[in-house]
Structure formats: C-alpha cells, structure tokens
Amino acid sequence: VNITPDQAIEALTTMGATRHVAETMVELYRALDSGHFKDDHPRTEQTTTPTTFEDFCERVLVPTLRSQQ
C-alpha cells in the first residue's frame, strides 16, 4: 500500500515516534526510492547473514525498545 509522506509521518508519530524521527525516516525512504542513497557494498555471501529482518526485529529490536520504556 502506498501512502503519502504526510500519512507516513502521521502513522509513525501515532506509534510513538517523535516528529523529527518520523520526518527523518520519510527522508530516508525518499532518498532510497529516488536512487540518491545507494549501498556502496552490494550483498555478497560474505556480507549476508541468515538472519531475516523479522527475526532481527523479534529477537533484538523489540526487546531493546521495550527495555527503554
């Protein structure tokens, strides 16, 4: 689902992000989408781990955020 930058900012702030963080995230997505931000190091067998994004969020990110509440 595509949403506008304003909708993304609203959603992020509703979930608890500060306005500054939400605006920075939207800026990052715009840079990625436009091609202005590119990874200088493509993924290779040496730089890729078997950990999925979902695994990382569940095992690392969420517990970290919860511990800071």
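Buried, in what follows, means under 20% relative accessible area, exposed means over 50%, and partly exposed is anything in between (1.4 Å probe, protein chains only). Keep that scale handy for the tour. What you have here is a predicted model, in which local features need pLDDT of at least 70 and side-chain atom pairs count only at pLDDT 80 or more, while totals for chains, interfaces and linings use all residues. Residues are numbered from 1 along each chain as its sequence is written, and side-chain values use heavy atoms, with hydrogens and water left out.

Let's start with the overall layout. The protein has three helices and zero strands, so reading along the sequence gives you α-α-α; helices (H or I, at least four residues) and strands (E, at least two) are DSSP runs, numbered from the N terminus. The radius of gyration is 15 Å, well over the 11 Å that the globule rule gives for 69 residues, so the protein is more spread out than a compact globule. That radius is taken over C-alpha atoms, and the rule is 2.2 Å times the number of residues to the power 0.38. Along its principal axes, the C-alpha trace spans about 40 × 35 × 20 Å. Just 7% of the 69 residues count as buried. The accessible surface comes to about 6,500 Å², with 56% of it belonging to carbon and sulfur atoms; such areas come from the Shrake-Rupley method with a 1.4 Å probe, and for residues only the protein chains shown count as cover.

Now zoom in on helix α2, residues 19-34. Its 16 residues reach 22 Å from first C-alpha to last, close to the 22 Å expected at 1.5 Å a residue (the expected span is 1.5 Å times one less than the number of residues). After the helix comes G35, with a positive phi near 90°.

α2 is also where to look for the salt bridge, and the structure holds one. The side chains of E23 and R19 meet there at 3.0 Å, N to O; the term calls for a side-chain nitrogen of Lys or Arg within 4 Å of a carboxyl oxygen of Asp or Glu. Both residues sit in α2, four residues apart, about one turn of the helix. An α-helix has 3.6 residues a turn, so residues three or four places apart point the same way. E23 is partly exposed, at 37% relative accessible area. E23 and L12 are eleven residues apart in sequence and 9.0 Å apart in space, C-alpha to C-alpha.

Next up is helix α3. It has 15 residues and reaches 20 Å from first C-alpha to last, close to the 21 Å expected. The helix bends by about 35° at L61, and a proline, P63, follows within four residues; the bend is the angle between axes fitted to the seven residues ending there and the seven starting there.

L61 turns up again in a nonpolar surface patch of about 460 Å², made with F53, F56, V60 and L65. Patches use residues with over 30% relative accessible area and no salt bridge, joining like charges within 9 Å and nonpolar side chains (Val, Leu, Ile, Met, Phe, Trp, Tyr) within 5 Å. F53 lies in α3, residues 53-67, and is exposed, at 59%. S67 is in α3 too, and is exposed, with a relative accessible area of 59%. The C-alpha atoms of S67 and T14 are separated by 20 Å, with their positions 53 residues apart along the chain.
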